[in-house]
Amino acid sequence: EPVFRAGALILDLVHRKVEVSGQDVKLTPKEYDVLCFLARHAGKVVTHHQVLREVWGPAHAEDVQYLRVLMRQLRRKIEADASNPQLLLTEPGVGYRLIAPG
């Protein structure tokens with residue numbers, strides 16, 4: 001789908017645009033790539049290694065700290081309360097899940 005909607009989040013894949021509650025959100029290229037990857041797998045758990053391989057490449061599949069920092073930044077930008085995320089959920093010891101549309 002060209003547009004992903006989950007809660008207050010709208011991700012326009014055609015125009016590379018992100019909105020939360022009607023406000024444009026500026027993401028770095030890596031933040032955008034991670035969000036798109038998670039949107040393609042919405043509702044499913046993706047492992048740290050899957051995200052790292054897809055976004056940073058196979059040489060960085062073990063660099064989980066990169067991903068943790070990026071997820072913290074991304075939550076600050078798209079969550080109403082980054083300390084109590086409703087969209088980007090952590091699956092402890094495994095990875096992350098972006099809630100499914102609807």
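**Entry 1: Tyr 66 and its ring partner**

I began with Tyr 66, which is partly exposed, with a relative accessible area of 43%. I keep in mind throughout that this is a predicted model. Looking for aromatic pairs, I found that the count comes to one. Its members are Trp 56 and Tyr 66, whose ring centres are 6.1 Å apart and whose planes stand at 35°, so I record the pair as tilted. I then looked up where the two residues sit: Trp 56 belongs to the loop between helix 2 and helix 3, whereas Tyr 66 is in helix 3, so the pair ties together parts that are 10 residues apart in sequence.

**Entry 2: Helix 2**

From Trp 56 I went back to helix 2, residues 48-55, and asked which of its residues are buried. I noted His 48, Val 51, Leu 52 and Val 55. They cover an arc of only 95° around the axis, which puts them on the same side of helix 2. This spacing fits the general rule that an α-helix has 3.6 residues a turn, so residues three or four places apart point the same way. I followed the buried residues outward and saw that they pack against helix 1 (29-40), strand 5 (46-47), helix 3 (64-78) and strand 7 (95-98). Just after helix 2, I marked Gly 57, which takes a positive phi of about 105°.

**Entry 3: The sheet of three strands**

I next traced the open sheet of three strands, whose order is 5-7-6 and whose pairing is antiparallel. Strand 5 and strand 6 (88-91) stand at the edges with a single partner strand each, so one side of each is left without a neighbour in the sheet. Helix 1 packs on this sheet, where it touches strand 5, strand 6 and strand 7, and its direction makes about 70° with that of strand 7. For the pairing of strand 5 with strand 7, I found two bridges in the antiparallel sense, and Thr 47 has Gly 95 of strand 7 as its bridge partner. Strand 6 and strand 7 are also antiparallel, over four bridges, with Leu 88 standing opposite Leu 98 in strand 7. The hairpin of strand 6 and strand 7 has three residues between the strands, and there Gly 93 takes a positive phi near 75°. I also checked helix 3, which lies across strand 6 and strand 7 and runs at about 150° to strand 6.

**Entry 4: Gln 86**

I stopped at Gln 86, in the loop between helix 3 and strand 6. Leaving aside neighbours within four places in sequence, I found Gln 86 in contact with Glu 79 and Ile 99. The side chain of Gln 86 reaches the backbone oxygen of Asn 84 at 3.2 Å. I also took the C-alpha to C-alpha separation of Gln 86 and Arg 75, which is 9.5 Å in space for residues 11 apart in sequence.

**Entry 5: The sheet of four strands**

Last, I looked up the open sheet of four strands, which has the order 1-2-3-4 with antiparallel pairing. Which strands are at its edges? I noted strand 1 (3-6) and strand 4 (23-24), each of which pairs on one side only. Strand 1 and strand 2 (residues 9-12) pair over four bridges in the antiparallel sense, and Phe 4 stands opposite Leu 11 in strand 2. Helix 1 packs on this sheet, touching strand 1, strand 2 and strand 3 (17-20), and its direction makes about 100° with that of strand 2. I close by writing that helix 1 packs on the sheet of strands 5-7-6 and on the sheet of strands 1-2-3-4.

Technical notes
Residues numbered from 1 in each chain as written. Predicted model: local features only at pLDDT ≥ 70, side-chain atom pairs only at ≥ 80, totals over all residues. Heavy atoms only, no water. Buried < 20%, exposed > 50% of the residue type's maximum accessible area, 1.4 Å probe, protein only. Arc of directions from axis to C-beta. Contact = heavy atoms within 4.5 Å. Pairing = 2+ DSSP bridges. Axes fitted to C-alpha atoms, helices over the stretch in contact; angles between N-to-C directions. Phe/Tyr/Trp six-rings, centres within 6.5 Å; stacked < 30°, edge-to-face > 60°. Polar contact = N/O pair within 3.5 Å; in protein donor to acceptor, adjacent residues only side chain to side chain.
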